Amino acid sequence: MTVLAICAIIQAMLTIDIVTIFPEMFDSPFNASIIKRAREKGLVSIRAHNLRDWATDKHKTTDDTLYGGGGGMLMKPEPLFAAVEAIRGECSVPTILLTPQGRLFNQQVAQELAQESRLLFICGRYEGVDERVRQHLATDELSIGDYVLSGGEVAAMVVVDAVVRLLPGALGYEHAAAEDSHATGLLEGPHYTRPPKFRAWEVPEILTSGHHARVAAWRRRQALMRTLARRPDLLARARLDAQDRRWLAELGYNGPFAHGQIDSER
Ligand code: SAM
């Protein structure tokens with residue numbers, strides 16, 4: 001069997017490999033709720049690898065001091081290259097370095113990654129990783145926000161969670177990921193459940209009317225209002241139709257709008 005054929009077989013489900021010095025951090029978050037179910041259904045396989053398994057000295061060293069001085073430690077290149085190359089084998093695998101200097105992770109990037117059949121994450125620690133890892137081993141760099149974490153593990157968990165819930169079958173039909181905030185380019189509007197009146201606060205009457213078309217229109221309008229109030233920057237990129245624009249105009253927003261969007265009535 002050729003290498004390509006073997007890679008194709010491996011690629012029947014999404015396989016995620018994570019290289020870390022703290023593999024045990026992933027035990028609990030990946031053994032609960034949607035990710036656990038997705039693993040049990042065979043939609044995703046997630047393996048956290050201990051980088052120390054690829055360290056060659058007796059102390060299993062994975063870090064060293066910085067050339068040029070300065071405090072702190074840096075992750076050494078040799079164990080990272082050995083680990084990633086062993087895990088990738090002959091397959092071409094998107095190899096993502098978690099770093100506060102990477103491109104900003106968002107729903108669009110999650111959707112991109114959910115199309116892949118394999119993903120490999122490198123979790124940095126200390127001052128990060130030797131520059132040669134970024135230049136010659138990673139194929140992508142992701143940041144989960146403009147702040148600095150102690151390590152890439154929590155960032156990898158965030159990315160994996162956002163990606164796995166997009167896999168077909170991961171959420172079940174009761175929940176449409178396509179309607180979540182950011183998936184549509186807008187923030188989702190408010191939701192309610194029983195009881196219809198809690199303390200003095202009643203559920204909006206339209207939601208108990210049983211009129212599906214009016215409920216859908218109300219929800220869309222609420223999503224537009226909420227986005228305008230909280231994240232007006234999103235409106236410039238969202239896919240909006242003529243009715244959306246009319247509602248937004250009533251609310252005082254007249255653009256900018258994205259180019260090339262569908263401009264017909266819903
Ligand atoms: N000295 C590095 C810098 O200024 O870019 C920061 C190192 S940070 C203390 C240690 C590790 O945490 C990083 O190598 C990276 O893997 C991870 N990390 C920290 N903040 C992150 C973020 N916003 N997104 C993704 N990973 C992050």
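**Entry 1: a pair of strands**

I began with strand β1 (residues 14–20) and strand β6 (residues 118–123), which pair in the parallel sense over five bridges. I keep in mind that this is a predicted model. Next I looked for single partners across the pair. T15 has R118 as its bridge partner in β6. Further along, I18 is matched in β6 by F121. A reminder to myself: strands of a sheet pair through backbone hydrogen bonds, and this can be parallel or antiparallel.

**Entry 2: the other side of β6**

Which strand besides β1 did I find paired with β6? I found β5, which pairs with β6 in the parallel sense over four bridges. Here T95 stands opposite L120 in β6, and I96 stands opposite F121 in β6. So F121 turned up twice in my notes, because I18 has F121 as bridge partner and I96 faces F121 too.

I then followed β5 to its pairing with β7, which is parallel as well and runs over five bridges. In that pairing L98 stands opposite L142 in β7.

**Entry 3: the whole sheet**

Now I could put the strands in order. They form an open sheet of five strands, ordered β2-β1-β6-β5-β7, with parallel pairing. Which strands are at the edges? The edge strands are β2 (44–50) and β7 (140–143), and each of them pairs on one side only. I also looked up the twist: on average, neighbouring strands of this sheet are turned by 35° against each other, direction ignored.

Something packs on this sheet, namely helix α6 (residues 152–164). I noted that α6 touches β1, β2, β5 (95–104), β6 and β7. The direction of α6 makes about 160° with that of β6.

**Entry 4: is β6 covered or open?**

I went back to β6 and checked its residues. The strand is mostly covered, with six of its six residues buried. R118, L120 and I122 point one way from β6, while L119, F121 and C123 point the other way. Both groups are buried. A helpful rule here is that in a regular strand the side chains alternate between the two faces of the sheet.

**Entry 5: around the ligand**

Which residues come nearest to the ligand? Of the 20 residues around the ligand, these are L98, G124, G128, G152 and A155. I had already met L98, as the residue opposite L142 in β7.

I then asked which elements supply the shell. Both β5 and α6 give at least two residues each. The most comes from β5, with four residues. By type, the shell divides into nine nonpolar, nine polar and two charged residues.

**Entry 6: two residues to compare**

Is T227 buried or exposed? T227 is buried, because 23 other C-beta atoms lie within 10 Å and 20 or more are enough to count as buried. I located T227 in helix α7 (residues 212–230). Leaving aside neighbours within four places in sequence, T227 is in contact with L186, L187, L234 and L235. I also checked T227 against R165: they are 62 residues apart in sequence, and their C-alpha atoms are 23 Å apart in space.

My other pick was K41, found in the loop between α2 (33–40) and β2. K41 counts as partly exposed because it has 13 C-beta neighbours inside 10 Å, and the exposed class stops at 12 or fewer. From K41 I looked across to D17, which is 24 residues away along the chain, and the two C-alpha atoms are separated by 18 Å.

**Entry 7: stepping back**

Last, I looked at the protein chain as a whole. I counted nine helices and nine strands in the protein chain. The domain assignment gives domain 1 (3–164) and domain 2 (184–250), and the centres of these domains, taken over C-alpha atoms, are 38 Å apart. Along its principal axes, the C-alpha trace spans about 70 × 45 × 45 Å.

How much of the protein chain is buried? Buried residues make up 26% of its 266 residues. I finished with contacts: among those with a separation of 6 or more, 71% join residues 24 or more positions apart.

Note on methods
Residues are numbered from 1 along each chain as its sequence is written. This is a predicted model: local features need pLDDT of at least 70, side-chain atom pairs count only at pLDDT 80 or more; totals for chains, interfaces and linings use all residues. Domain bounds come from an automatic or database domain assignment. Two strands pair if DSSP finds at least two bridges between them. Axes are lines fitted to C-alpha atoms, for helices over the stretch in contact, and angles run from 0 to 180 degrees between N-to-C directions. Two residues are in contact if their C-beta atoms, placed from the backbone, lie within 7 Å. A residue is near a molecule or strand if its C-beta atom, placed from the backbone, lies within 6 Å of it. Ala, Val, Leu, Ile, Met, Phe, Trp, Tyr, Cys and Pro count as nonpolar, Asp, Glu, Lys and Arg as charged, and the others, Gly among them, as polar.
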